[in-house]
Amino acid sequence: MAGAEYAWADDQGQPLSGYTVSGVTYGAAGTDAGTYPVARSGDLRILDAGGNDVTAQFAVQEGQASLVISRTAGNHYRRFGKL
């Protein structure tokens, strides 16, 4: 998700260094003000620096995420991306 905040860390909260997480995407959709759940799709895989699948060496825990759209007062807008 563009602009989303996420991080992969070990059980001590340290960044997962030397590994790549792949095969999974997260998505949420909403157009009106409100809170929308973020859904995961795909099969999460953890690869070491050599490209080997080492997923079985990890216990993956995921928390619940939400997309929150809030209204602003007035006629404000925000442009994203390059002009």
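Biologist: How much area does the protein expose, and what share of it do carbon and sulfur atoms supply?
Modeller: This is a predicted model, in which local features need pLDDT of at least 70, side-chain atom pairs count only at pLDDT 80 or more, and totals for chains, interfaces and linings use all residues. Residues are numbered from 1 along each chain as its sequence is written, and side-chain values use heavy atoms, with hydrogens and water left out. Accessible areas come from the Shrake-Rupley method with a 1.4 Å probe, and for residues only the protein chains shown count as cover. The protein exposes about 7,200 Å², and the carbon and sulfur share is 48%.

Biologist: What percentage of the residues is buried?
Modeller: Buried means under 20% relative accessible area, exposed means over 50%, and partly exposed lies in between (1.4 Å probe, protein chains only). Of the 83 residues in the protein, the buried part is 8%.

Biologist: Which elements does the protein have, and in what order do they run?
Modeller: Helices (H or I, at least four residues) and strands (E, at least two) are DSSP runs, numbered from the N terminus. The protein has 0 helices and 4 strands. From the N terminus on, the order is β-β-β-β.

Biologist: Among contacts between residues at least 6 apart in sequence, what share joins residues at least 24 apart?
Modeller: Contact means heavy atoms within 4.5 Å. Among contacts between residues at least 6 apart in sequence, the share that joins residues at least 24 apart is 49%.

Biologist: Which residues form the aromatic pair?
Modeller: Rings of Phe, Tyr and Trp (its six-membered ring) pair if their centres lie within 6.5 Å; planes under 30 degrees apart count as stacked, over 60 as edge-to-face and the rest as tilted. A search of the whole structure finds 1 aromatic pair. This pair is edge-to-face, with 5.2 Å centre to centre and 80 degrees between the planes. Its members are tyrosine 19 and phenylalanine 58.

Biologist: How many residues apart are tyrosine 19 and phenylalanine 58?
Modeller: Tyrosine 19 sits in the segment before strand E1 (20–27), and phenylalanine 58 in the loop between strand E3 (39–47) and strand E4 (66–69). The pair links distant parts of the chain, and the separation is 39 residues.

Biologist: Why does tyrosine 19 count as partly exposed?
Modeller: Partly exposed falls between the buried and exposed limits. Tyrosine 19 counts as partly exposed because its relative accessibility is 34%.

Biologist: How far apart in space are isoleucine 69 and glycine 30?
Modeller: Isoleucine 69 is in strand E4. Leaving aside neighbours within four places in sequence, isoleucine 69 is in contact with residues including Gly30 and Tyr36. Isoleucine 69 and glycine 30 are 39 residues apart in sequence, and their C-alpha to C-alpha distance is 7.7 Å.

Biologist: Is proline 37 buried or exposed?
Modeller: Proline 37 lies in strand E2 (residues 34–37). Not counting neighbours within four places in sequence, proline 37 is in contact with Gly27, Ala28, Gln64 and Ala65. At 58% relative accessibility, proline 37 is exposed.

Biologist: With which side chain does the side chain of aspartate 53 make a polar contact?
Modeller: A polar contact is a pair of N or O atoms within 3.5 Å; within protein, one must be able to donate a hydrogen and the other to accept it, and residues adjacent in sequence count only if both atoms are side-chain atoms. Aspartate 53 is in the loop between E3 and E4. At 2.6 Å, the partner of its side chain is the side chain of threonine 55.
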